[in-house]
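Here are my notes for someone opening this structure for the first time. Keep the sequence and the 3D view side by side as you read.

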Amino acid sequence: MTVTLPSLSRRAAATLLGAAFAASLAGCVSLFPKEPPAQLYRFTPQMEPSSASIDAQRIPISLSPVEFTAAASGDRILTMTGDEAAYIGGARWVSTAQTQFDEAVNKAFDDTATATRIVERRQAGASKLTMNLSVETFETRYDNGPTGAPKVVVSVRAQLIRFPDRSVVGENVFRSEQPVSDNRVGAIVQGYNAAVTSVLKDLAAWTDQKAQANVTPG
């Protein structure tokens, strides 16, 4: 004699099979990361307000989008040992290096420039000068091998263009090499603080001098 199961029993059986399948998957999928989360860092240049008198009618400077060496533009901290490039494991910038550098440029001019100021791109029409910046080097360099204390190297090329004649009124490279006291991420980040501070303070002072020599305020 053939026994036909009622439809309700079939549904119950399907439910039990589904639960068993889900349980088997649970044994294969982990909800937890296999590696600990990366420690996040920020480089924070120490820009002390200038002691020199700040011109109330500071010359506006339009800043083009900053070019950044591709290998270091993201949120990983680039290292170089000879010709070998690598990133520091377990450590990341809190936002991309390029984003933080853009913010640092604006802070440098707000705090230390006395004759110039950076204007937003939508206000570029009011500016007689445009500045192009290219971050060519932004790295932790191990000249003494991977176990020795490194140094942080930051190099930025700047160009000032005057409008409406589009003449180049200044071009310079600003570079800073900051030795790091210890091969630790915290000490390396302090090296970036010092290197970026040095480069941007020099950049702001140079821009003040070039703008005053080549542009009449107003």
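1. Let's start at one rung of the sheet: Arg 162 stands opposite Ser 167 in E9. That pair belongs to the E8 and E9 partnership, where the two strands are antiparallel and share twelve bridges. Strand E8 covers residues 151-162 and strand E9 covers 167-179. A word of caution before going on: this is a predicted model.

2. Now look at how the chain gets from one strand to the other. E8 and E9 make a hairpin with four residues between them. Two oddities sit in this loop. Pro 164 is found there, and the peptide bond leading into Pro 164 from Phe 163 is cis, with omega near 10°. Arg 166 is in the loop between E8 and E9 too, and has a positive phi of about 60° without being a glycine. As background, most peptide bonds are trans, and most residues other than glycine have a negative phi.

3. Is Arg 166 buried or exposed? Exposed: the relative accessibility of Arg 166 is 62%, and the cut-off for that label is over 50%.

4. On the other edge of E8 there is another partner. E7 and E8 pair in the antiparallel sense, again over twelve bridges. One matched pair to find is Met 131, which stands opposite Leu 160 in E8. Met 131 is also the residue in E7 that Leu 63 stands opposite, and that takes us to E2.

5. E2 and E7 run parallel and are joined by three bridges. E2 also runs parallel to strand E6 (residues 116-119), with four bridges joining them. If you want a landmark for the E6 pairing, Pro 60 has Arg 117 as its bridge partner.

6. Why call E2 largely enclosed by the rest of the structure? Because five of its five residues are buried. Cover comes from both faces: Ile 59, Ile 61 and Leu 63 are buried on one side, and Pro 60 and Ser 62 are buried on the other.

7. Next, the interior. The largest nonpolar core has 48 residues, and the ones with the most contacts inside it are Phe 101, Met 131, Leu 133, Phe 138, Leu 200 and Leu 203. Several elements give two or more residues to this core, among them strands E2, E7, E8 and E9 and the helices H2 (97-112) and H3 (185-214). Which element gives the most to the core? H3 does, with twelve residues. In general, nonpolar side chains in soluble globular proteins tend to be buried together.

8. Leu 133 is a handy place to zoom in. Leaving aside neighbours within four places in sequence, Leu 133 is in contact with residues including Leu 63, Val 105, Val 156 and Leu 203. Next door, Ser 134 is in strand E7. With a relative accessible area of 18%, Ser 134 counts as buried, given that the cut-off is under 20%. Beyond residues up to four places away, Ser 134 touches Glu 67, Ser 155, Val 156 and Arg 157.

9. A quick check on helix H2: at 1.5 Å a residue, its 16 residues should span 22 Å, and the end C-alpha atoms are 22 Å apart, so the two agree. The buried residues of H2 include Phe 101, Ala 104, Val 105, Ala 108 and Phe 109, along with Asp 111 and Thr 112.

10. Stepping back, the protein has three helices and nine strands, in the order α-β-β-β-β-β-α-β-β-β-β-α along the sequence. Of its 218 residues, 38% are buried. Among contacts between residues at least 6 apart in sequence, 72% join residues at least 24 apart. The accessible surface is about 12800 Å², with 52% belonging to carbon and sulfur atoms.

11. Finally, how far to trust the picture. The mean pLDDT is 83, and 78% of the residues reach 70 or more. Among the elements, strand E3 (residues 67-68) has the highest mean pLDDT, 98, and helix H1 (residues 7-26) the lowest, 43. Over residues 1-33 the pLDDT is below 50, and beyond near neighbours in sequence this stretch has two contacts in the model. Where pLDDT is low, the predicted coordinates should not be read in detail.

Methods. Residues are numbered from 1 along each chain as its sequence is written. This is a predicted model: local features need pLDDT of at least 70, side-chain atom pairs count only at pLDDT 80 or more; totals for chains, interfaces and linings use all residues. Side-chain values use heavy atoms; hydrogens and water are left out. A nonpolar core is a set of buried Ala, Val, Leu, Ile, Met, Phe, Trp, Tyr and Cys residues joined through side-chain atoms within 4.5 Å. Buried means under 20% relative accessible area, exposed over 50%, partly exposed in between (1.4 Å probe, protein chains only). Contact means heavy atoms within 4.5 Å. The expected span of a helix is 1.5 Å times one less than its number of residues. Two strands pair if DSSP finds at least two bridges between them. Accessible areas come from the Shrake-Rupley method with a 1.4 Å probe; for residues, only the protein chains shown count as cover. pLDDT is the predictor's confidence in each residue, from 0 to 100.
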